[in-house]
Amino acid sequence: MTAGARSAGRSGSGAPRVVVAGTGFGRAYLAAFERRDFPFELAGILANGSARSRACAEHYAVPLWTGTGQVPDDIDMACVAVGGLMTGGRGPELAQELMRRGLPVLQEHPLHPDELVACLRTARTHGAVFRMNTHYPHVEPVRRFLECARGLGTRQRPLFIDVTCAFQVLFTVFDILGEALGPIRPLGIHGVIEEPAAGGTPPPYRSLSGRFAGVPLTLRLQNELVASAPDNYSHMLHRITIGYEGGHLTLVNTHGPVQWSMRPHMPDDMKDLVRLADSTAAHLRVPSVQCIGPAEGPSYREVLRELWPQATARAMTALWQEAANGAPSDAHVQRHLALTRLAMAVTEACGPVRMHRPGPPELISAEELTGTAPAGPGARGPHQDGNRQHR
């Protein structure tokens with residue numbers, strides 16, 4: 001049954017009814033239903049019955065189901081925010097059980113290649129639409145970066161790519177690059193650039209070289225985790241630069257800002273001038289670095305309250321539209337298989353993830369650096385806010 005047929009027979013508003021599986025990162029999906037512009041209805045939560053899951057179901061006033069057999073027949077779409085083999089979850093099993101009922105399924109990343117193939121096979125057999133969601137391409141600053149990169153790609157050929165990222169989001173980097181550049185091949189990793197330890201402590205980053213879509217790539221991966229808090233202790237999530245003939249485009253951090261840096265170029269008329277600044281070249285009047293969109297990134301509270309729910313809403317809307325069109329899952333899965341294998345090649349080249357136990361970081365704001373932070377007994381710096389869950 002197509003998505004359009006599912007919703008056509010429903011009474012009331014006709015809003016597609018969605019089940020969300022998982023209440024870890026699933027809370028970012030649940031928050032999308034609080035948006036006034038989101039034309040979907042949360043029908044229920046599928047989870048293991050923990051106190052958190054019960055609290056989520058109570059907050060959203062929906063049923064809590066602990067097995068796919070309890071999910072009623074009037075559901076139109078499923079979002080599975082439960083990991084797979086690589087994170088110790090059974091998300092792909094849940095996704096397949098739901099697809100066997102003909103439901104389109106949005107599965108949160110990451111998945112092992114074998115799990116992707118199994119989900120594709122189930123989608124084909126039962127006429128369901130399957131998509132794996134990497135989340136970040138739907139986040140607004142990343143979307144702004146992608147839009148600029150695509151526009152630049154119609155004018156100039158990309159010359160180089162520089163990436164710095166955390167281990168937790170390695171796969172998503174390649175999905176972002178694929179969205180920015182269009183093609184993904186030829187791709188591959190050439191090898192690790194050895195970096196010396198500092199004072200006997202292993203460096204937090206491993207550096208690699210390779211190619212993506214045929215473009216030379218350098219990648220610095222924070223190849224370490226804290227087992228007790230795997231969502232924390234990253235120095236950053238993503239920083240991506242794509243260089244072109246006329247300059248380079250940078251996503252400074254996952255949530256912005258996006259910057260365009262014009263290439264430094266001294267004009268011909270400068271060589272005969274007494275004063276360098278007397279050149280009449282027009283490009284010398286252009287700021288050397290320009291922000292595209294806001295000059296500052298949002299606060300992490302804004303990220304969690306606005307940007308992430310907005311991103312999951314976009315991902316769900318895209319799945320619904322593709323399901324309504326009966327879009328096949330083959331090309332999507334084949335692309336993600338290639339990207340997953342690339343990510344696995346990177347992790348293999350970098351060696352085992354270093355597990356360590358640092359103390360809580362002292363988080364510092366720019367105001368503290370410049371001496372403009374509020375003072376007094378009621379003042380509260382960001383280092384007092386505790387850890388944040390990124391993923």
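Is Asp175 buried or exposed? In this predicted model, Asp175 is buried, with a relative accessible area of 4%. The report begins with the contacts of this residue and then turns to the sheet, the helices and the remaining ion pairs.

## Asp175 and its salt bridges

Asp175 forms a salt bridge with Arg335, and the closest N and O atoms of the two side chains are 2.6 Å apart. Asp175 belongs to helix 7 (residues 170-181) and Arg335 to helix 9 (residues 330-350), so this salt bridge ties together parts of the chain that lie 160 residues apart in sequence. Side chains of opposite charge can pair when their charged atoms come close.

## The eight-stranded sheet

Eight strands form an open sheet in the order 8-9-10-7-12-13-14-15, and their pairing is mixed. Its edges are strand 8 (188-193) and strand 15 (289-292), each of which pairs on one side only. On average, neighbouring strands of this sheet are turned by 20° against each other when direction is ignored.

Helix 7 packs on this sheet, where it touches strand 7 (160-166), strand 9 (205-212), strand 10 (215-222) and strand 12. The direction of helix 7 makes about 30° with that of strand 12. Helix 9 lies across strand 8, strand 9 and strand 10, and runs at about 140° to strand 9. The helices that carry Asp175 and Arg335 are thus placed against strands of the sheet, helix 7 touching strand 9 and strand 10 among others, and helix 9 lying across strands that include these two.

Which strand is largely enclosed by the rest of the structure? This is strand 7: five of its seven residues are buried, so the rest of the structure largely encloses it. Strand 7 pairs with strand 12 in the antiparallel sense over six bridges, and in this pairing Ile161 stands opposite Ile242 of strand 12. Strand 7 is also joined by six bridges to strand 10, and these two strands run parallel. Here Cys165 has Leu221 of strand 10 as its bridge partner. In a regular strand the side chains alternate between the two faces of the sheet.

Strand 12 (residues 238-244) pairs in turn with strand 13 (residues 247-251), in the antiparallel sense and over five bridges. Within this pairing, Ile240 is matched with Leu251 of strand 13.

## Helix 5 against helix 9

Helix 9 also meets helix 5: the two axes come within 9 Å and cross at roughly 175°. That angle makes helix 5 roughly antiparallel to helix 9, because angles over 145 degrees fall in that class. On the side of helix 5, the contact is made by Pro113, Leu116, Val117, Leu120 and Arg124. Helix 9 contributes Asp330, Val333, Gln334, His336, Leu337, Thr340, Arg341 and Met344. By class, the contact comprises seven nonpolar, three polar and three charged residues. An α-helix has 3.6 residues a turn, so residues three or four places apart point the same way.

## The covering of helix 4

Helix 5 also takes part in covering helix 4. Helix 4 (residues 91-99) is mostly covered, with seven of its nine residues buried. The buried residues are Gly91, Pro92, Leu94, Ala95, Gln96, Leu98 and Met99. Their cover includes strand 1 (17-21), strand 2 (41-46), strand 4 (77-80), strand 5 (105-108), helix 5 (113-126) and strand 6 (130-133).

## Salt bridges elsewhere in the chain

The whole structure holds 17 salt bridges. Three of them are set out below.

| Salt bridge | N to O distance |
|---|---|
| Asp175 and Arg335 | 2.6 Å |
| Arg354 and Glu224 | 2.7 Å |
| Glu41 and Arg17 | 2.9 Å |

The side chains of Glu41 and Arg17 meet in a salt bridge at 2.9 Å. This pair links distant parts of the chain, with Glu41 in strand 2, Arg17 in strand 1 and their positions 24 residues apart. Glu41 counts as partly exposed at 29% relative accessibility, whereas Arg17 is buried with a relative accessible area of 12%.

Arg354 and Glu224 likewise meet through their side chains, at 2.7 Å from N to O. Arg354 lies in strand 16 (residues 354-355) and Glu224 in strand 11 (residues 224-225), 130 residues apart. Arg354 is partly exposed, at 27% relative accessibility, while Glu224 is buried, with a relative accessible area of 6%.

Asp175 also belongs to a network: salt bridges with shared partners join Arg150, Asp175, Glu179 and Arg335.

Methods
Residues numbered from 1 in each chain as written. Predicted model: local features only at pLDDT ≥ 70, side-chain atom pairs only at ≥ 80, totals over all residues. Heavy atoms only, no water. Buried < 20%, exposed > 50% of the residue type's maximum accessible area, 1.4 Å probe, protein only. Helix = DSSP H or I, 4+ residues; strand = E, 2+ residues; numbered from the N terminus. Contact = heavy atoms within 4.5 Å. Salt bridge = Lys/Arg side-chain N within 4 Å of Asp/Glu carboxyl O. Axes fitted to C-alpha atoms, helices over the stretch in contact; angles between N-to-C directions. Parallel < 35°, antiparallel > 145°, perpendicular 65-115°, else oblique. Nonpolar A, V, L, I, M, F, W, Y, C, P; charged D, E, K, R; others polar. Pairing = 2+ DSSP bridges.
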